[in-house]
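Biologist: Could you take me through the charged pairs in this one, close up? Tell me how each partner sits, and then what surrounds them.

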Amino acid sequence: MSDTAAKPRPQFRNIGIAQIAKYRLPLAGKLSILHRVSGALLFVCLPLVILPLFAASVASPESYAQIAEYAGNPLVKLVFLVLVWGYLHHFCAGIRYLILDLHIGVDKVSAQKSAGVVFGVSLALTLVFALKLFGVL
Amino acid sequence: MADDSQNFGHTRLVVGAHYGVIDFIAQRITAVIMAVYTLVLIVGILVMPSFSYENWKALFSFHVGALPLGQILANLFFFALAWHAWIGVRDIWMDYVKPAGVRLLLQVLTILWLVASVVYFAKILWSI
């Protein structure tokens, strides 16, 4: 504690908006920021998109059928897909964090590996949903 | 502190109201509740004879005897969601918004947003 004043310590500032594109985050860093982005997205869309959809899906057979009608629009399909990706990413990345909190896989190599697994699983599940949505499956 | 190598456990100088620890734990417990409910829903969808309005509605309105268990589970899930989202969104404001007044305003709006969502969800759920 005696030499804190003597030598200037290196400073690590937050990333500025202008640096975002050229700042090379490791895979776990990308997962982390997308965890935050997907959480914020779900928060904003909750009463605006998700709850009205849920209301229509359970209210009556007619309103349920109407969702399928709206989903014929590719733009609506895209909204569904983004929201489902957001939930799946947040879900899978969240489980990784819960495991990390148990002090499992905290070393650099396993953490990078588990970040890759999360991207693999969440994107694969999103793809399955997309194939269902676009009527391929 | 006499010994820096023992900056934890009962020798640590403890200060504050521990609300950070409570939030940390609450965020994780609510996450587990939501994850379990999500898996229950997915299993429910997979074991459906067919994906129809009646079966979908039943996921959220099935009864066990006189007990509206479907609604109760969904409502518990949503309380967990609102609490979890409050902690997460408040963390975002604390990380990026420094002026105290603006931050307070955003936090109040966040609470209103989430409480309104809870009320809206409960209304949809209990009118099934």
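Modeller: Let's start with B:D95, which at 37% relative accessibility counts as partly exposed in this predicted model. Its salt-bridge partner is A:R36, with the closest N and O atoms 2.8 Å apart. B:D95 belongs to helix 3 (residues 69–96) of chain B and A:R36 to helix 1 of chain A, so this bridge joins two chains. A:R36 is partly exposed too, at 24% relative accessibility.

Now look at A:D101 and B:R28, another salt bridge, where the closest N and O atoms come to 2.4 Å. Here A:D101 comes from helix 3 (residues 74–101) of chain A and B:R28 from helix 1 of chain B, so this pair joins two chains as well. A:D101 is partly exposed, with a relative accessible area of 32%, and B:R28 is partly exposed at 23%. B:R28 has a second contact worth a look: its charged end sits over the ring of B:F24, 3.6 Å from the ring centre.

Within chain B, B:D91 bridges to B:R90, the closest N and O atoms being 3.2 Å apart. B:D91 is partly exposed, with a relative accessible area of 23%, while B:R90 is buried at 10%. Follow the shared partners and you get one network of B:D23, B:R90 and B:D91. Across all chains, the search finds four salt bridges.

From charges to rings: there are eight aromatic pairs over all chains. Take A:F54 and B:F121, whose ring centres are 5.4 Å apart with planes at 25 degrees; that angle is under 30 degrees, so the pair counts as stacked. It joins two chains, because A:F54 lies in helix 1 (residues 27–59) of chain A and B:F121 in helix 4 (residues 100–126) of chain B. Both rings are tucked away: A:F54 is buried, with a relative accessible area of 11%, and B:F121 is buried at 6%.

B:W56 and B:F60 meet in another way, edge-to-face, at 5.0 Å centre to centre and 80 degrees between the planes. They share helix 2 (residues 53–61) of chain B and are four residues apart, about one turn of the helix. Both are buried. These two pairs belong to one aromatic cluster, made up of A:F54, B:F51, B:W56, B:F60, B:F78 and B:F121.

If you were wondering about cysteines, there are zero disulfides over all chains. The sulfur of A:C45 has its closest cysteine sulfur in A:C92, 19 Å away, too far for a bond. A:C45 counts as buried at 15% relative accessibility, and A:C92 is buried at 11%.

As for confidence, chain B has a mean pLDDT of 91, and 88% of its residues reach 70 or more. In that chain, confidence is lowest in helix 1 (residues 19–46), at a mean of 95, and highest in helix 4, at 98. For the complex, the predictor gives an ipTM of 0.85 and a pTM of 0.86.

Conventions: Residues numbered from 1 in each chain as written. Chains lettered and ligands numbered in written order. Predicted model: local features only at pLDDT ≥ 70, side-chain atom pairs only at ≥ 80, totals over all residues. Heavy atoms only, no water. Phe/Tyr/Trp six-rings, centres within 6.5 Å; stacked < 30°, edge-to-face > 60°. Buried < 20%, exposed > 50% of the residue type's maximum accessible area, 1.4 Å probe, protein only. Lys NZ or Arg CZ within 6 Å of the ring centre and 35° of its normal. Disulfide = S-S within 2.5 Å. pLDDT = per-residue confidence, 0-100. Salt bridge = Lys/Arg side-chain N within 4 Å of Asp/Glu carboxyl O.
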